[in-house]
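Reader: I am in my first year of study and should like to look closely at one part of this structure. Could you choose a single strand and describe its surroundings in one connected account?

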Amino acid sequence: MNFGKRERLSEVRVKTLNILLLEDSSLDAELIQDYLLDGGLDFSLLCVETRADFVGALENNCYDLILADYMLPEFNGLEALEIARSICPGLPFIFVSATLGEELAIETLKNGATDYVVKRGLTRLVPSIQRALREVKERLDRKLAEIHRQESEERFRMMADTAPVMIWMSGIDKVCNYFNQVWLDFTGRSLASVMDWGWKESLHPEDLQYCLDTYGNAFDARNEFRMEVRLRRYDGDYGWILATGLPRYRPDRTFAGYQKMGLKPPPSRGTFIYVFLDKTMLS
């Protein structure tokens, strides 16, 4: 039973929803369709009632939403839900049934149903669908944001490990959480040994407190800072590093940490020159 696309010409539509309805009553199917139209949805509705047709529809088409009765001639709603989760995981699944009691409704939600609507209360159907679609969009947005964050982080780490500079990163708690390979090769240290505050062991003992005070005071006040410190190399010698730091903010103006760029030390510090860059990644 295919109702095809129906819409109200007086309204501007953005996206046609592709809905799969599992229902063995043609009268109930028409009633559900009327409520969807009254709710202002633009949709294409395919109604099936057998297991084979349900599986075939899921395997051969893409849907935005599944609406399903619970009691069906060949199988029940929980079996339909299991099939849908297997073929189309994450697809919103809303039960629309006259026989769904409270205990059974809770069981369906525990098994992955998005919501349930009783047929005597179909005024809840469209709001339930809208909420389900919002949740899907939010979930997809979070996944995309995470993918973009990971890609951005991977690009940065690739550049950081191949750049001719030393780079380290810290969070908004001041604690260091990343050192690039150049930093590790220069100091001869392992990543595990310098994480958190382990990097302090590579500073010259006479510069340690000065470094901590300069960094800490600027960090707390969100001020720019500038300092010269000696960092121990892999061979035990020390080189002077001149670092300047600026507070960094996210687009929403929340504090994200510090970005520091190393400068050439003054000639009085000797002939050893190395660039030191500290960059805090956004969360």
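Author: Let us begin with one pairing: Ile19 has Leu65 of strand β4 as its bridge partner. The model in which this pairing is found is a predicted one. Ile19 belongs to strand β2, which covers residues 17–22. Between β2 and β4 (residues 65–68) there are four bridges, and the two strands run parallel.

Strand β2 also pairs with β3, made up of residues 43–48. Here six bridges join the strands, and their direction is again parallel. One of the residues concerned is Leu22, whose bridge partner in β3 is Val48.

The path from β2 to β3 deserves attention as well. Together with helix α1 (residues 26–38), β2 and β3 form a β-α-β unit, and this unit is right-handed.

Is β2 mostly covered or mostly open? The strand is mostly covered, for five of its six residues are buried. A residue is called buried when its relative accessible area is under 20%. As a general point, the side chains of a regular strand alternate between the two faces of the sheet.

To draw the picture together, β2 is joined to β3 by six bridges and to β4 by four. Helix α1 takes its place with β2 and β3 in the right-handed unit, and five of the six residues in β2 are buried.

Conventions
Residues numbered from 1 in each chain as written. Predicted model: local features only at pLDDT ≥ 70, side-chain atom pairs only at ≥ 80, totals over all residues. Heavy atoms only, no water. Buried < 20%, exposed > 50% of the residue type's maximum accessible area, 1.4 Å probe, protein only. Pairing = 2+ DSSP bridges. Right-handed = clockwise from strand over helix to strand, strands pointing away.
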